[in-house]
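Please open the structure in the viewer and keep the selection panel at hand. The tour proceeds stop by stop, with a selection to make at each.

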Amino acid sequence: MTLDLIGAVIGLIYIWQEYKASPWLWITGVIMPVVYMFVYLEAGLYADFGMQVYYTGAAVYGLLVWKFGRKKGQTAGEDMPITRVRRSVLLPSLLFFLIAWAIVWLVLVSYTNSTVPVADAFGNALSFVGLWWLARKYVEQWLIWVVVDAELALLYVYKGIPFTAVLYGIYVPMAVVGYLKWRRMMKRPNQQKN
């Protein structure tokens, strides 16, 4: 229960940093998964446990992309701009999500005693796409998080992880607000963090 509370507090810091489009979110994104590895393992949420390993690597990737990545029209020395997801990315993202969902579900059914393999696999597979879109600073990443956060909040209530369930419940409206903020930021010429 203590780690659940600590993880929830770190998660609130993380979502605030993401809302502000702060590169510090990636540092927090390395710390938070370490805490949640233990929370999810104890709750028998094995896909969520495995996802924390991915989150740690994705945080390192995101930090590098935000620091060194470039987008079309970006000038040297300028922060990577927030943009809309390209149409050419949509179908591959959907296919990746469906394949990842099936693979994670199959692993959970075959190799664990998970009591919620479909739901556990769903949130994790969609999170793969959400994190990749976040690393690329696509404004629509927030819409993915609305779905993921709502589904996982319900799953965590069911699995008896109350603080994390509340955290993910808070994430849902924060994702809507974040989407609106990033849309406004995207329209600014230099997209400074506010």
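**Cavities and aromatic rings**

Begin by selecting helix 3, helix 5 (117-135) and helix 6, each of which supplies at least two residues to the lining of the second largest cavity. The model on display is a predicted one. Of these contributors, helix 3 gives the most to this lining, with four residues. To see the whole lining, select Y40, D48, M51, Q52, Y55, G123, N124, S127, L152, Y156 and Y168. By class, this lining comprises six nonpolar, four polar and one charged residues. The space within the second largest cavity is about 40 Å³.

How many cavities of 30 Å³ or more does a search of the whole structure find? The search finds two. Proceed, then, to the largest cavity, whose volume is about 260 Å³. Select Y14, M32, Y55, L131 and W145, which lie nearest its centre among the 18 residues that line it. Next, colour helix 1 (2-19), helix 2 (25-43), helix 3 (46-68), helix 6 (141-158) and helix 7 (162-187), the elements that give two or more residues to the lining of the largest cavity. Helix 2 gives the most to this lining, with six residues. The lining of the largest cavity divides into 14 nonpolar, two polar and two charged residues.

The next stops concern aromatic rings. A search of the whole structure finds 16 aromatic pairs. Select W26 and W66 and show their side chains: the ring centres are 5.6 Å apart and the planes stand at 85°, so the pair is edge-to-face. Because W26 lies in helix 2 and W66 in helix 3, the pair ties together parts that are 40 residues apart in sequence. Is this pair buried or exposed? Both W26 and W66 are buried.

Move now to F97 and F122, whose ring centres lie 5.5 Å apart with planes at 90°, so this pair is also edge-to-face. F97 belongs to helix 4 (residues 87-111) and F122 to helix 5, so the pair ties together parts that are 25 residues apart in sequence. F97 has 8% relative accessibility and therefore counts as buried. F122, at 19% relative accessibility, also counts as buried, because the cut-off for buried is under 20%.

Return to W66 and add K137 to the selection: K137 lies over the face of W66, at 4.4 Å from the ring centre.

For the final stop, select Y36, Y40, Y156, Y168 and Y171, which form one aromatic cluster. Among them, Y40, Y156 and Y168 also line the second largest cavity, where this tour began.

Conventions
Residues numbered from 1 in each chain as written. Predicted model: local features only at pLDDT ≥ 70, side-chain atom pairs only at ≥ 80, totals over all residues. Heavy atoms only, no water. 1 Å grid on protein atoms, 1.4 Å probe; cavity = no way out; pocket = protein on both sides within 12 Å on 5 of 7 lines; lining within 4 Å. Points joined across faces, edges and corners; volume = space filled by probe spheres on them. Nonpolar A, V, L, I, M, F, W, Y, C, P; charged D, E, K, R; others polar. Phe/Tyr/Trp six-rings, centres within 6.5 Å; stacked < 30°, edge-to-face > 60°. Buried < 20%, exposed > 50% of the residue type's maximum accessible area, 1.4 Å probe, protein only. Lys NZ or Arg CZ within 6 Å of the ring centre and 35° of its normal.
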